[in-house]
Amino acid sequence: MLLGLNHLTLAVSEVERSFRFYVEVLGFTPKARWHQGAYLTLGELWLCLSLDDARNDRTLSDYTHYAFSVAPENFALIVERLRKVGVQEWKSNHSEGESCYFLDRHALEIHCGDLASRLAAPYQGMVFY
């Protein structure tokens, strides 16, 4: 029922420095930036840079996670299946689109939505490219 990789979120300690690195050095295309993060693309990959103070202390967990796409009509079924097998949910969703964040040694997410729907629900101070 999963459709593929939705996006990759990397926790960063300095948004501006990371933004410049991914755009100027690695060639990502900027789509939006705000104080707490940025959205970039590279081909079909949607990359989110997310400011996270935990990145300054490497012993703590941070917001870096891998998100997989799911069709809206399958979201509740997959979440039910995950909960039935007892996955540990590690975060509540506070952004556009339905999401379920869960652990399997890695921080994972299933997400309904895409970069276009996220950009249509901008964060405060978001600048578009």
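Arg118 is found in helix H3, which covers residues 115–119, and in this predicted model the residue has a relative accessibility of 6%, so it counts as buried, the cut-off being under 20%. Gly97, by contrast, sits in a loop and counts as partly exposed. The points below take these two residues in turn and then describe the two largest pockets.

**Arg118 and its surroundings**
- Leaving out residues up to four places away in sequence, Arg118 touches Tyr39, Trp46, Ser95, Glu96, His111 and Tyr123.
- One of these contacts, Tyr123, also appears among the residues that lie nearest the centre of the largest pocket.

**Gly97 and its loop**
- The loop that holds Gly97 runs between strand S6, residues 88–91, and strand S7, residues 99–103.
- Because its relative accessibility is 24%, which falls between the 20% limit for buried residues and the 50% limit for exposed ones, Gly97 counts as partly exposed.
- When neighbours within four places in sequence are set aside, Gly97 is in contact with His111 and Cys112, and His111 is also one of the residues touched by Arg118.
- Gly97 and Lys84 are 13 residues apart along the chain, and their C-alpha atoms are separated by 22 Å.

**The largest pocket**
- The space in the largest pocket comes to about 340 Å³, and its lining is made up of 21 residues, with Cys48, Ser50, Tyr63, Lys91 and Tyr123 lying nearest the centre.
- Two elements, strand S1 (2–12) and strand S4 (45–51), each give two or more residues to this lining, and S4 provides the largest share, with five residues.
- Sorted by class, the lining of the largest pocket holds nine nonpolar, seven polar and five charged residues.

**The second largest pocket**
- The second largest pocket has a volume of about 160 Å³, and ten residues line it, of which Ala11, Val12, Arg17, Ser18 and Arg55 are nearest its centre.
- The elements that give two or more residues to the lining of this second pocket are S1 and helix H1, the latter spanning residues 15–25, and H1 contributes the most, with four residues.
- Strand S1 is thus named for the lining of the largest pocket as well as for that of the second largest pocket.
- By class, five nonpolar, two polar and three charged residues make up the lining of the second largest pocket.

Notes. Residues are numbered from 1 along each chain as its sequence is written. This is a predicted model: local features need pLDDT of at least 70, side-chain atom pairs count only at pLDDT 80 or more; totals for chains, interfaces and linings use all residues. Side-chain values use heavy atoms; hydrogens and water are left out. Buried means under 20% relative accessible area, exposed over 50%, partly exposed in between (1.4 Å probe, protein chains only). Contact means heavy atoms within 4.5 Å. On a 1 Å grid over the protein atoms alone, a cavity is a set of points where a 1.4 Å probe fits but cannot get out, and a pocket is an open set with protein on both sides within 12 Å along at least five of seven lines; lining residues have an atom within 4 Å of a point. Grid points are joined across faces, edges and corners, and a volume is the space filled by probe spheres set on the points. Ala, Val, Leu, Ile, Met, Phe, Trp, Tyr, Cys and Pro count as nonpolar, Asp, Glu, Lys and Arg as charged, and the others, Gly among them, as polar.
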